[in-house]
Amino acid sequence: MATISKLSNPNPAASLSSSFKPRSSSSVKCSVGFRASAGFNSKLVSSSSFSFTNNHPFKGSLVVRCSLVDGNCSSEKKTTLHDLYEKEGQSPWYDNLCRPVTDLLPLIANGVRGVTSNPAIFQKAISSSNAYNDQFRELVQSGKDIESAYWELVVKDIQDACKLFEPIYDQTDGADGYVSVEVSPRLADDIEGTIEAAKYLHKVVHRPNVYIKIPATAPCIPSIKEVIAKGISVNVTLIFSLARYEAVIDAYLDGLEASRLGDLSRVTSVASFFVSRVDTLIDKMLEKIGTPEALDLRGKAAVTQAALAYQLYQKKFSGPRWEALVKKGAKKQRLLWASTSVKNPAYSDTLYVAPLIGPDTVSTMPDQALQAFIDHGTVSRTIDTNVSEAEGIYSALEKLGIDWGYVGLQLEDEGVDAFKKSFDSLLDTLQEKANSLKLVSL
């Protein structure tokens, strides 16, 4: 794998082959990509637009739909993801990361503008790949314990990914091009531990475009304020309810107000509002109720709550308090739609992307959702086209006995627990790997 420092051209577009360059035309539409057959060899994926080792496992067909914007040879092809950002102001991010990080180059060329990671993603990446073995061996031979070695593996991936997205970060004056790394899930109930972990990761990653992910648990809300006040940019994760989302916004605003920085423009944040998991839980509750009205509301709760979250976002980032911060350079904490993959095969595969398109937002998509939207997603502002309908569905669910507060806390507990299990499982896997190499023991 080529190291980041040895890349001959830092421009992501350089990964495109000559056949992907536009011909002279004022109006051309095209589609390129691969279609995987049953006997498809997943070790190498190639198309007329790019080739890369397939550690990011797209399945089925990946079709990039493009259009030429000029009538001259300098025109560049635009994908659905480019349109999403340029026409509607939503940044498409990729919810995955593994080695080699250069696998991200074709995704960047096709419009991906940032990356999110979490303990589950690293558990899968490290436990299923040999790409980490050499560095891991060196770390444990040098005397690192298993958890310290884990964090060094993670930090290297984050640093290398940040380097790839730096051009986007620079081009947008720090508004986009971020890579997120999460504090240990073991700290979800530890205020001071979370603050110290965030400071540590910010220091060791040492990249301007890194987001430190902090869970939106009740104990971590004060941590978010303190970390923001220290000038560290944050991705607040595991938000499942409107009430908790408002607390997250307030923590961001409180942190900006408490900051001693003269210029707040380099302190940014996103609030990761989880979507599909809401339907997973509420659909089960509706099926248990079993009435026609209840069954008819299946698959509607998640998008409904997200639409109302956007209304809250617009309300909170306006008015005198916010305007006072803007004068100091403050930037809005963008809403980020997370958990965008569809869990129920009966639903549209773009259900948690297409209805949530709006300005100043981010949609982070795993392979399934990203492929689906590139292939047949429609770009148009949808997030606030039916606010009254969303309010009606939200109220109808409450009348049926759905307790939104309970739903939020239940999903938060499940999310934290899942990340803890992934984290612990990965440490066990690394310990086994170390044992097999007869290197160290805990």
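**Exercise 1. Decide whether S339 is buried or exposed, and describe its backbone and place.**

S339 has a relative accessible area of 11%, and it is therefore buried, where buried means under 20% relative accessible area, exposed over 50% and partly exposed in between, with a 1.4 Å probe and protein chains only. Its phi is positive, about 55 degrees, although S339 is not a glycine. The residue sits in the loop between β11 (334-338) and β12 (361-365); helices (H or I, at least four residues) and strands (E, at least two) are DSSP runs, numbered from the N terminus.

The model is predicted, so that local features need pLDDT of at least 70 and side-chain atom pairs count only at pLDDT 80 or more, while totals for chains, interfaces and linings use all residues. Residues are numbered from 1 along each chain as its sequence is written, and side-chain values use heavy atoms, with hydrogens and water left out.

**Exercise 2. Find which class of exposure D173 belongs to, and where it lies.**

Begin with the backbone: phi of D173 is near 55 degrees, a positive value in a residue other than glycine. Next, the place of D173 is the loop between α5 and β7 (179-182). Finally, D173 counts as partly exposed because its relative accessibility is 47%.

**Exercise 3. Describe how helix α9 and helix α15 cross.**

Two packed helices are described by the angle between their axes and the distance between the axes. The axes of α9 (residues 276-289) and α15 (residues 404-436) come within 10 Å and cross at roughly 125 degrees, which means that α9 is oblique to α15. Here angles under 35 degrees count as roughly parallel, over 145 as roughly antiparallel, 65 to 115 as roughly perpendicular and the rest as oblique; axes are lines fitted to C-alpha atoms, for helices over the stretch in contact, and angles run from 0 to 180 degrees between N-to-C directions.

The contact (heavy atoms within 4.5 Å) is made by R277, V278, L281, I282 and M285 of α9 and by W404, Y406, V407, Q410, L411 and G415 of α15.

**Exercise 4. State which residues touch the most other members of the largest nonpolar core.**

A nonpolar core is a set of buried Ala, Val, Leu, Ile, Met, Phe, Trp, Tyr and Cys residues joined through side-chain atoms within 4.5 Å. The largest has 129 residues, of which L104, Y150, I158 and Y245 touch the most other members. Helix α5 (residues 146-171) gives the most to this core, with 14 residues. Leaving out residues up to four places away in sequence, Y150 touches F122, I126, F423, L426, L427 and L430.
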